[in-house]
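Welcome! Please have the viewer open and take a look at the chain below before reading on. We will begin with a single residue and work outwards from there.

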Amino acid sequence: MPVDLSTEPLSWIVVVGDVFGRPGRSALSLGLKKVTSERNIVFTVVNGENLAGGKGLNEKTVSECFDMGVSAITTGNHLFDQKGVVDLLQKDGRVLRPLNFSRLCPGAGSGIFTLESGLRVGVINLIGRVFMAPSDCPFSAADEVLDGWKSQGLFPDLVLVDFHGEASGEKRAMGFHLDGRVDALYGTHTHVQTNDLERFPGGSWYLTDVGLSGPHWSVIGVEPEMALSKYRTHVPAPFKVADGELLFCALLLGVSVKQGRWSIEKAELFREVFPKDGD
Ligand SMILES: [Fe+2]
Ligand SMILES: [Fe+2]
């Protein structure tokens, strides 16, 4: 007789936005320990574009994340700020680059991750075009991947989309474009958690930005004094990652299976401040 999994407690997917520098990696470690102690976590996806000193990512910082239990890393406009990223993208399919970068860009912009339970999670990494550097159309790029999975019979059980973008309007438009075709669409890049988590009419969960994991008392990760000086004087100021208390922001997705079909039953915003590193 088949086991009725609909009576099982929820499994959880942890979605983390931009992780900023060493304080961000510490916040990630503390945050993941906390959510793992309270829930059954089956998959964790993190945006890694600011992992290394706030600018880009490298082998060391990526390995640190995987050692903490991270399953996949999405990226954004800071992807190539550090050396060695081309190698990283070519050898590790868990690190994604924005799908709608040039077709000639190394690496993949989407991936399907098969978990121990057999659950297959698809992740698509898009980047916006409003107030950002030029890239291909994120709307048709997403369509192509979804159609490709469908036509090849590979469509995953759950699909998550990271839309790395500046403009809330563009992200919300993408929410409607993909509504009912993906399970969750969430934004990254602004480093500020928004309070608009909801289920769209077609059934997809939507959040404009997951928010920063990094130094709490900062201007999107940067030492406030440096940021203020630049804004007030127009003179470029040296870039310094702030320190002090650690902020961890996440989106938690509670998933379950009914009659062989997986879905997100529940979604919650998560935000926690931890004492300064070592305190
Ligand atoms: Fe960022
Ligand atoms: Fe970004």
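## Starting at V14

Setting aside its neighbours within four places in sequence, V14 is in contact with L32, V35, I41, T44, A250 and L252. The coordinates come from a predicted model, so please read everything here in that light.

Which strand holds V14? It is found in β1. Is V14 buried or exposed? Since 24 other C-beta atoms lie within 10 Å and the cut-off for burial is 20 or more, V14 counts as buried. For a sense of distance, you can also pick I112: V14 and I112 are 98 residues apart in sequence, and their C-alpha atoms are 16 Å apart in space.

## Strands β1, β2 and β3

Strand β1 covers residues 11-18 and pairs with β2 in the parallel sense, over 6 bridges. Within this pairing, I13 stands opposite F43 in β2. Strand β2 itself spans residues 41-47 and is mostly covered, with 5 of its 7 residues buried. Together, β1, helix α1 (residues 21-38) and β2 make a right-handed β-α-β unit.

On to β3, which spans residues 72-74: β2 and β3 run parallel and are joined by 3 bridges. Here N47 stands opposite T74 in β3. From β2 the chain passes through helix α2 (residues 59-67) to reach β3, and this β-α-β crossover is right-handed.

## Helix α1 and its surroundings

Helix α1 has 18 residues, and from its first C-alpha to its last it reaches 26 Å, close to the 26 Å expected at 1.5 Å a residue. Its buried residues are G21, P23, G24, R25, S26, A27, L28, G31 and L32. What covers them? The cover includes β1, β2, α2, β10 (214-215), β11 (246-258) and β12 (261-274). L32 in this group is also one of the contacts of V14.

## The six-stranded sheet

Now for a sheet elsewhere in the chain. In what order do its strands lie? The 6 strands form an open sheet in the order β4-β5-β6-β7-β9-β8, with mixed pairing. At the edges stand β4 (110-114) and β8 (198-199); each has a single partner strand, so one side of each is left without a neighbour in the sheet.

Strands β5 (residues 120-127) and β6 (residues 158-164) pair in the parallel sense over 7 bridges. If you would like a pair to select, I124 has V161 in β6 as its bridge partner. Helix α4 (residues 138-151) packs on the sheet and touches β4, β5 and β6, its direction making about 160° with that of β5. Helix α5 (residues 168-178) also packs on the sheet, touching β6, β7 (184-188) and β9 (205-207), and its direction makes about 165° with that of β7.

## Residues with positive phi

Backbone torsions are worth a look too. Most residues other than glycine have a negative phi. H189 is not a glycine, yet its phi is positive, at about 100°. This residue is found in the loop between β7 and β8. With 26 other C-beta atoms within 10 Å, H189 is buried.

Q259 also has a positive phi, near 45°, in a residue other than glycine. You will find Q259 in the loop between β11 and β12. Is Q259 buried or exposed? Q259 has 8 C-beta neighbours inside 10 Å, and the cut-off for an exposed residue is 12 or fewer, so Q259 counts as exposed.

A further positive phi, of about 75°, belongs to H234, just after helix α6. As for α6 itself (residues 224-233), the number of buried residues among its 10 is 0, so this helix lies largely in the open.

## The whole chain

Stepping back, the protein's secondary structure comes to 6 helices and 12 strands. Its C-alpha atoms fill a box of roughly 65 × 45 × 35 Å along the principal axes. Why does the radius of gyration agree with a compact globule? For 279 residues such a globule would have a value near 19 Å, and the protein has 18 Å.

Buried residues make up 43% of the 279 residues. Among contacts with a separation of 6 or more, 65% are between residues 24 or more positions apart.

Note on methods:
Residues are numbered from 1 along each chain as its sequence is written. Chains are lettered from A and ligands numbered from 1 in the order in which they are written. This is a predicted model: local features need pLDDT of at least 70, side-chain atom pairs count only at pLDDT 80 or more; totals for chains, interfaces and linings use all residues. Two strands pair if DSSP finds at least two bridges between them. Helices (H or I, at least four residues) and strands (E, at least two) are DSSP runs, numbered from the N terminus. Two residues are in contact if their C-beta atoms, placed from the backbone, lie within 7 Å. Axes are lines fitted to C-alpha atoms, for helices over the stretch in contact, and angles run from 0 to 180 degrees between N-to-C directions. A crossover is right-handed if, with the strands pointing away from the viewer, the path from the first strand over the helix to the second runs clockwise. The radius of gyration is taken over C-alpha atoms; the globule rule is 2.2 Å times the number of residues to the power 0.38. The expected span of a helix is 1.5 Å times one less than its number of residues.
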